[in-house]
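Visitor: I would like to understand the reasoning behind the terms used for this protein. Could you take me through it step by step?

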Amino acid sequence: MENFCEQLIENDLNPFLLFDSNGKVKSYNKEAEFLLNFASVKELFDLAITNASKSFGFQHKYLTLKFNKQSYYAILVGYICEDEIALRLYKVISIQANTIDSKQLKSVNIFSLIDLSKNSNLLNSNLQINELYDISIPEMKLNINQFLLCLNECFSIFKDDDEVTLKVQIKIGEYEIINQTKYKIIAIEFISYKLIENIKELEHKISGYNINIFINKNILKLELPMIL
């Protein structure tokens, strides 16, 4: 029975981690191994400690979490002694296929659109931008209107900063499946020198676009498929 329970946890769609009292991971399942590519052990241990019950036992808490492309709607934290604490995250599952209407796409140079957005949104700004571009990226098909709206919102976030680094590159070893076809991923990173906050409005505006948005402290990242 014990082996069956272990296999059940190992094959669960939800991440499970067991920490010792010092925050080191004692065991984890397959989903947690995937999660650890995007979230640090310390971050997840702090999440468990912060949301643990005041006395021995288990506590559910509903909260919105996002690590990379994975979203979670609740956690379970439990401990029955002072030596171990367990964390389980409940993943948001979407059964909707990832699709895109090719009729709305036009071939364009992505750097031309970035320059257009930058110049139109930073007319009266003293923002210094350090550009790190992979110029090997070819012309690609985009919904130009959606992409520009998203870029405009991003530049408006940083227009009052002194300096930001802008990186545009192809992600190595990662792909996105759209209309049952695999595409490489373009990553556009805004790296600030201060914490980035209040992007809920931006997330709401681009919901439904084929653009993913991630934030990690001082980094705002957009990811979109490279459709040629």
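Guide: What follows is a conversation about a predicted model, taken from the whole chain to its two sheets.

Visitor: What makes a residue here count as buried, and what share of the protein does that cover?

Guide: A residue is called buried when its relative accessible area is under 20%, and 42% of the 228 residues of this protein meet that condition. The accessible surface of the protein comes to about 13,900 Å², with 50% of it belonging to carbon and sulfur atoms.

Visitor: How do you know how far apart in sequence the contacting residues are?

Guide: A contact requires heavy atoms within 4.5 Å, and among the contacts between residues at least 6 apart in sequence, 61% join residues that are at least 24 apart.

Visitor: Which strands make up the sheet with antiparallel pairing, and in what order?

Guide: That open sheet has five strands in the order 2-1-5-4-3.

Visitor: Why are strand 2 and strand 3 said to stand at the edges?

Guide: Strand 2 (25-28) and strand 3 (57-67) each have a single partner strand, so one side of each is left without a neighbour in the sheet, and the name follows from that. Neighbouring strands of this sheet are turned by 20° against each other on average, with direction ignored.

Visitor: What makes strand 3 and strand 4 a pair?

Guide: Two strands pair if there are at least two bridges between them, and strand 3 and strand 4 (residues 70-79) are joined in the antiparallel sense over nine bridges, so the condition is met. Within this pairing, H60 stands opposite L76 of strand 4.

Visitor: Which helix packs on this sheet, and what does that helix touch?

Guide: Helix 3 (residues 41-50) packs there, touching strand 1 (16-20), strand 2, strand 3, strand 4 and strand 5 (84-91), and its direction makes about 100° with that of strand 5.

Visitor: What are the order and the pairing of the sheet that contains strand 7?

Guide: It is an open sheet of five strands, ordered 7-9-10-12-11, and its pairing is mixed. Strand 7 (128-133) and strand 11 (212-216) are the edge strands, since each pairs on one side only, and the twist averages 25° from one strand to the next.

Visitor: How do you know that strand 10 and strand 12 are paired?

Guide: Against the requirement of at least two bridges, strand 10 (residues 181-192) and strand 12 (residues 219-226) have eight and run antiparallel, so they count as paired. One bridge partnership is that of I186 with L224 in strand 12.

Key
Residues numbered from 1 in each chain as written. Predicted model: local features only at pLDDT ≥ 70, side-chain atom pairs only at ≥ 80, totals over all residues. Heavy atoms only, no water. Buried < 20%, exposed > 50% of the residue type's maximum accessible area, 1.4 Å probe, protein only. Areas by Shrake-Rupley, 256 points an atom, 1.4 Å probe, with all protein chains shown as cover. Helix = DSSP H or I, 4+ residues; strand = E, 2+ residues; numbered from the N terminus. Axes fitted to C-alpha atoms, helices over the stretch in contact; angles between N-to-C directions.
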